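Biologist: I'd like to walk through this protein with you, one question at a time. Could you keep it simple and show me how you get to each answer?

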Amino acid sequence: MNTDTKQGQLQTVLLFIAALMFGFGALVQIADQRDQTAFPVVYKSLQTPADIVHLTNPVEPVAYTSVVSLAKLPVADKKQRFIALLLPAILISKQHLQQQRERLAQLLSKSSLTNDEQAWLDQLKASYDTDSPAELRKRMIGLPNSLILAQAAIETGWGSSRFFVQANNVFGVWSFDPTEERIMASQLRDGKAVFVRRYGSLLGAIEDYFLTLGRGRAYTELRQAARHTQDSLELIKHLHRYSELGNDYVERLNAMIRHNRLKQYDSYRL
């Protein structure tokens, strides 16, 4: 075999090895991408309403760590910017919830758990206030975007409340723990100071909202209904215990969803 032939064969072998290495590298890169969170969250602080990321579908996964009052904006602009503020946090939280449900199903199918897996499961059960894995599954509900947006709009006055601006508190959640981050309400109750919880981001407020509805006895009917429908106008019928307004609160939610055509956002995804 002459020298030129040997060199040609060597080059062929080297090219083949290089192709294999390139392919292996591509596979590793794909595997790395799959190992990463599908939607890495971008945390963003606001200085003005103009800093709010424009809403698109798919939605950019932005979690706002501080917000500004939208009270002085024209009504239509205020509503659009408020939805652009809240919808990413809603979708991120629902994605996290789905990932938890998938991991829970995986663990419950195993005959034995590692210490880390058992610790994760125990923490999840504690968060949802249940010792039953079957009940835990029932409590980890998802809800339509339109329902959450309607509640958020009512509770914050479309992003105008002090609790929302100063504490990222979307749903007026009270605080009874002096060791947690919180702010004092401007009005007293029965002559005593009351506080609302301060969240590190809007995402934190949304995730706490899902926990509240997932473990509260007052929302058992809501959880049962959510397993059969994701129609917000049907589900709001089970939120009469969410507010002191009772059925009037349900009517306000109904009007909010219909008047602002909030159901259009139920199809939005990350």
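Biologist: How many residues does the largest nonpolar core have?
Modeller: One thing to know up front: this is a predicted model. In the largest nonpolar core, the residues with the most contacts inside it include L85, L86, L143 and I148. L202, Y209 and L239 are on that list too. The size of this core is 66 residues.

Biologist: Which element gives the most to this core?
Modeller: Quite a few elements chip in at least two residues each, among them β2 (62-66), α3 (115-127), α5 (145-156) and α7 (202-215). Further along the chain, α8 (220-226), α9 (232-235) and α10 (247-259) do so as well. With 12 residues, the top giver is α2.

Biologist: L239 was on your list, so which residues is L239 in contact with, leaving aside its neighbours within four places in sequence?
Modeller: L239 is among the residues with the most contacts inside the core. Its partners beyond those neighbours include L147 and Q151, and also L213, Y219 and L222. The rest of the set is Y249, V250 and L253.

Biologist: Let's zoom out. What share of the chain's residues is buried?
Modeller: The chain's secondary structure comes to 10 helices and 5 strands. About 15,600 Å² of the chain is exposed, and carbon and sulfur atoms supply 52% of that. Out of 270 residues, the buried share is 38%.

Biologist: Of the contacts between residues at least 6 apart in sequence, what share joins residues at least 24 apart?
Modeller: Here we set aside pairs under 6 apart in sequence and look at what remains. Among those remaining contacts, the share joining residues at least 24 apart is 59%.

Biologist: Is E181 buried or exposed?
Modeller: E181 sits in the loop between β3 (174-175) and β4 (182-184). Leaving aside neighbours within four places in sequence, E181 is in contact with R197 and R198. Its relative accessible area is 55%, and the cut-off for exposed is over 50%, so E181 counts as exposed.

Biologist: How far apart in space are E181 and A167, C-alpha to C-alpha?
Modeller: Along the sequence, E181 and A167 are 14 residues apart. In space, C-alpha to C-alpha, the distance is 8.8 Å.

Biologist: Now for empty space. How many residues of the lining of the largest cavity are charged?
Modeller: Searching the whole structure turns up 1 cavity of 30 Å³ or more, and about 50 Å³ of space lies in the largest cavity. Its lining includes V53, H54, L55 and E60, while β2 and α2 each supply at least two of the lining residues. Sorting the lining gives 7 nonpolar and 2 polar residues, and the charged count is 1.

Biologist: Which element gives the most to the lining of the largest pocket?
Modeller: The largest pocket has a volume of about 750 Å³. Of its 24 lining residues, the closest to the centre are E155, F171, G172, W174 and R189. The elements giving two or more residues to this lining are α5, α6 (162-167) and α7. With 3 residues, the one giving the most is α7.

Biologist: And which residues are the closest to the centre of the second largest pocket?
Modeller: About 300 Å³ of space lies in the second largest pocket. Its lining divides into 6 nonpolar, 4 polar and 4 charged residues. Of the 14 residues lining it, the closest to its centre are L91, K94, Q95, Y268 and R269.

Conventions: Residues are numbered from 1 along each chain as its sequence is written. This is a predicted model: local features need pLDDT of at least 70, side-chain atom pairs count only at pLDDT 80 or more; totals for chains, interfaces and linings use all residues. Side-chain values use heavy atoms; hydrogens and water are left out. A nonpolar core is a set of buried Ala, Val, Leu, Ile, Met, Phe, Trp, Tyr and Cys residues joined through side-chain atoms within 4.5 Å. Buried means under 20% relative accessible area, exposed over 50%, partly exposed in between (1.4 Å probe, protein chains only). Helices (H or I, at least four residues) and strands (E, at least two) are DSSP runs, numbered from the N terminus. Contact means heavy atoms within 4.5 Å. Accessible areas come from the Shrake-Rupley method with a 1.4 Å probe; for residues, only the protein chains shown count as cover. On a 1 Å grid over the protein atoms alone, a cavity is a set of points where a 1.4 Å probe fits but cannot get out, and a pocket is an open set with protein on both sides within 12 Å along at least five of seven lines; lining residues have an atom within 4 Å of a point. Grid points are joined across faces, edges and corners, and a volume is the space filled by probe spheres set on the points. Ala, Val, Leu, Ile, Met, Phe, Trp, Tyr, Cys and Pro count as nonpolar, Asp, Glu, Lys and Arg as charged, and the others, Gly among them, as polar.
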